[in-house]
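User: I would like a close look at a single part of this protein, namely the helix that begins the chain's secondary structure and the way its neighbours pack against it. Please take me through it in one connected account.

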Amino acid sequence: AAPAGPSRAELQDFRERMVMLETRAGGVRSSLQTMQQQQAASGLNLRGDMQEANNLMNSYLQGAGAALNAGDLPSAKSFADKAERQLEKLEKFLNR
């Protein structure tokens, strides 16, 4: 017999986690954009490691959403965990 998929409660809990991650990520994106604009006005660029963390965060969040839509909760959780690590790096950088 095929193993049962995730329960409705598990899916709902994960969706709520994704909402929180996306909300935090939105704040970070906004702050980074402001910082990039200010630095560009001075002829500077955002630190490469922070740009990389931002790109990874965005890609992992997209992966989590795609996996969730496909009903693959284990993969969605793995992507979300990776996104959260990048998000925490960015929040620390931005003193959030």
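Analyst: What follows begins with the overall fold, turns to the packing around helix α1, and ends with a few individual residues.

The model is a predicted one, and its secondary structure comes to three helices and zero strands, which follow one another along the sequence in the pattern α-α-α. The C-alpha atoms fill a box of roughly 60 × 20 × 20 Å along the principal axes, and the radius of gyration is 16 Å, where a compact globule of 96 residues would have one near 12 Å. Of the 96 residues, 28% count as buried. Among contacts with a separation of 6 or more, 77% are accounted for by residues 24 or more positions apart.

Two packed helices are described by the angle between their axes and the distance between the axes. For helix α1 (residues 8–41) and helix α3 (residues 73–93), the angle is about 30° and the axes lie 10 Å apart, which makes α1 roughly parallel to α3. The crossing in which α1 passes α3 is left-handed. On the α1 side, the residues that meet α3 include Leu11, Phe14, Met18, Leu21, Arg24 and Val28, while the α3 side of this contact includes Leu73, Ala76, Ala80, Glu84, Leu87, Leu90 and Glu91. By class, the residues of the contact of α1 with α3 divide into 14 nonpolar, no polar and eight charged.

Helix α2 (residues 48–69) also packs against α1, and here the axes come within 11 Å and cross at roughly 155°, so that α1 is roughly antiparallel to α2. This crossing, too, is left-handed. The α1 residues that meet α2 include Leu11, Phe14, Arg15, Met18, Leu21, Arg29 and Gln36, and among their counterparts in α2 are Gln51, Asn54, Met57, Asn58, Leu61 and Leu68. The residues of the contact of α1 with α2 divide into 10 nonpolar, five polar and three charged. Leu11, Phe14, Met18 and Leu21 of α1 are therefore named both in the contact with α3 and in the contact with α2, in an arrangement where α1 is roughly antiparallel to α2.

Two residues in the partner helices show how individual side chains take part. Asn54, in helix α2, counts as buried because its relative accessibility is 11%, under the cut-off of 20%. Leaving aside its neighbours within four places in sequence, Asn54 is in contact with Arg29, Leu32 and Leu90. Glu91, placed in helix α3, likewise counts as buried, at 14% relative accessibility. Not counting residues up to four places away in sequence, Glu91 touches Arg24, Val28 and Arg96; Arg24 and Val28 are also among the α1 residues that meet α3.

Ser59, also in helix α2, is partly exposed, with a relative accessible area of 43%. Its C-alpha atom is separated by 9.8 Å from that of Lys82, which lies 23 residues away along the chain.

One last residue belongs to the segment after α3, where Asn95 is placed. Most residues other than glycine have a negative phi, yet Asn95, which is not a glycine, has a positive phi of about 55°. Asn95 counts as exposed, at 72% relative accessibility.

Technical notes. Residues numbered from 1 in each chain as written. Predicted model: local features only at pLDDT ≥ 70, side-chain atom pairs only at ≥ 80, totals over all residues. Heavy atoms only, no water. Axes fitted to C-alpha atoms, helices over the stretch in contact; angles between N-to-C directions. Helix = DSSP H or I, 4+ residues; strand = E, 2+ residues; numbered from the N terminus. Parallel < 35°, antiparallel > 145°, perpendicular 65-115°, else oblique. Left-handed = near helix turned anticlockwise from the far one by under 90°. Contact = heavy atoms within 4.5 Å. Nonpolar A, V, L, I, M, F, W, Y, C, P; charged D, E, K, R; others polar. Buried < 20%, exposed > 50% of the residue type's maximum accessible area, 1.4 Å probe, protein only. Rg over C-alpha atoms; globule rule 2.2 N^0.38 Å.
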